Amino acid sequence: MIGHSPAIQKLKLQLRQYADSPFPVLIEGESGSGKEIVASSCLHYDTKRSRTPFFALNCAAISPNLVEPTLFGYAKGAFTGALTAKAGYFEEASEGTLFLDEIGELPLELQAKLLRVLENGEYQRVGETQKRISHARIIAATNRDLRKEVRAGNFRADLFHRLSVFSINVPPLRDMEDDKLLLLDHFRQRYAAPSQTPFELSDGARELWSRYSFPGNVRELRNIVIRLSAKYP
């Protein structure tokens, strides 16, 4: 995690506290703020689970009828096209980490099944009655306010409380003060071609950079640097 602002220091402290815990973590933050990096790099690869598998599922980018077989697996003949049995992410993750991005998009009917796994580790493949046990650590992320979603009846309150044993808020870039310049310099070096000297901003341009709010957060900042690196080799 790059930065020295109070917001980043608070985030780093939380990550050190929660990294090796087996309990679920809910990561909240705006789009583009780096929630998946927090999940993968800070809460998996920098922990005791680093040698175990890491699986990620974007609940908003997959058809709702594919979420259940993807997570839990399925038996042969469970549905049309299920020619062989297949393990799901819970099974393949084993002792590792399962990252559920955009958890607020998970259909209500599947929220109850996820809750059961979180409570006692039990799940079943689609089309099976055999109980299986998961030991994967669950990390979920959302850019929605799940408390509002609970009040609106779109998200189960019991699932929210199980997912948010630990809660982490990834700060938006506008709250990170001079970290914007640190990230600028980091990405300048990263995306410069091997034989290329990274582009430079004038003092005035760096001042404007510091004052810009970056509504797209780190993702927007990175993309701007990539374009500038291509335009001013």
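Helix 2 supplies 6 residues to the lining of the largest pocket, the largest share of any contributor. This report starts from that pocket in a predicted model and works outward to the helices and to two single residues.

**The largest pocket**

The largest pocket holds about 720 Å³ of space. Its lining counts 27 residues. Nearest the centre lie Ser33, Gly34, Lys35, Ile37 and Val218. Three elements give two or more residues to this lining: helix 2 (35-45), helix 8 (179-191) and helix 10 (217-231). By character, the lining residues split into 13 nonpolar, 6 polar and 8 charged.

**The second largest pocket**

About 200 Å³ of space lies in the second largest pocket. Its lining has 15 residues, and Pro22, Val117, Leu118, Ser134 and Ala136 are the closest to its centre. Helix 5 (108-120) and strand 8 (137-142) each provide at least two lining residues. Helix 5 gives the most, with 4 residues. The lining divides into 8 nonpolar, 4 polar and 3 charged residues.

The table sets out the two linings by residue class.

| Pocket | Nonpolar | Polar | Charged |
|---|---|---|---|
| Largest pocket | 13 residues | 6 residues | 8 residues |
| Second largest pocket | 8 residues | 4 residues | 3 residues |

**Helix 5**

Helix 5 has 13 residues. From first C-alpha to last it reaches 19 Å, close to the 18 Å expected at 1.5 Å a residue. Which residues of helix 5 are buried? They are Leu110, Gln111, Leu114, Leu115, Val117 and Leu118. Seen down the axis of helix 5, the buried residues fall within an arc of 160°, so they line one face of the helix. An α-helix has 3.6 residues a turn, so residues three or four places apart point the same way. The face of helix 5 turned away from the buried side carries the exposed residues Glu109 and Glu119.

Val117 and Leu118 belong to two groups. Both are buried in helix 5, and both are among the residues closest to the centre of the second largest pocket.

The cover over the buried residues of helix 5 includes helices and strands. The helices are helix 3 (64-72), helix 4 (89-93) and helix 7 (157-163). The strands are strand 5 (97-101), strand 6 (122-123) and strand 8. Strand 8 also supplies at least two residues of the lining of the second largest pocket. After helix 5 comes Gly121, with a positive phi near 80°.

**Helix 1**

Helix 1 spans residues 6-18, which is 13 residues. It reaches 19 Å between its first and last C-alpha, close to the expected 18 Å. Its buried residues are Ile8, Leu11, Lys12, Gln14, Leu15 and Tyr18. Viewed down the axis of helix 1, they fall within an arc of 165°, so they line one face of the helix. Pro6, Lys10 and Arg16 are exposed on the face turned away from the buried side.

What covers the buried residues of helix 1? The cover includes helix 2, strand 8, strand 9 (166-169) and helix 8. Helix 2 and helix 8 also each give two or more residues to the lining of the largest pocket.

**Two single residues**

Glu68 sits in helix 3. Helix 3 is part of what covers the buried residues of helix 5. Leaving out residues up to four places away in sequence, Glu68 touches Gly73, Leu110, Lys113 and Val126. Of these, Leu110 is one of the buried residues of helix 5. Leu26 is 42 residues from Glu68 in sequence, and the two C-alpha atoms are 20 Å apart.

Ser50 lies in the loop between helix 2 and strand 2 (54-58). Is Ser50 buried, exposed or partly exposed? Ser50 is partly exposed, because its relative accessible area is 30%, which falls between the 20% limit for buried and the 50% limit for exposed. Beyond its neighbours within four places in sequence, Ser50 is in contact with His44 and Tyr45. Ser50 and Leu146 are 96 residues apart in sequence and 29 Å apart, C-alpha to C-alpha.

**The whole chain**

The chain has 10 helices and 9 strands. Its C-alpha atoms fill a box of roughly 65 × 40 × 35 Å along the principal axes. Of the 233 residues, 47% are buried. Among contacts with a separation of 6 or more, 73% join residues 24 or more positions apart.

Notes
Residues numbered from 1 in each chain as written. Predicted model: local features only at pLDDT ≥ 70, side-chain atom pairs only at ≥ 80, totals over all residues. Heavy atoms only, no water. 1 Å grid on protein atoms, 1.4 Å probe; cavity = no way out; pocket = protein on both sides within 12 Å on 5 of 7 lines; lining within 4 Å. Points joined across faces, edges and corners; volume = space filled by probe spheres on them. Nonpolar A, V, L, I, M, F, W, Y, C, P; charged D, E, K, R; others polar. Expected span 1.5 Å × (residues − 1). Buried < 20%, exposed > 50% of the residue type's maximum accessible area, 1.4 Å probe, protein only. Arc of directions from axis to C-beta. Contact = heavy atoms within 4.5 Å.
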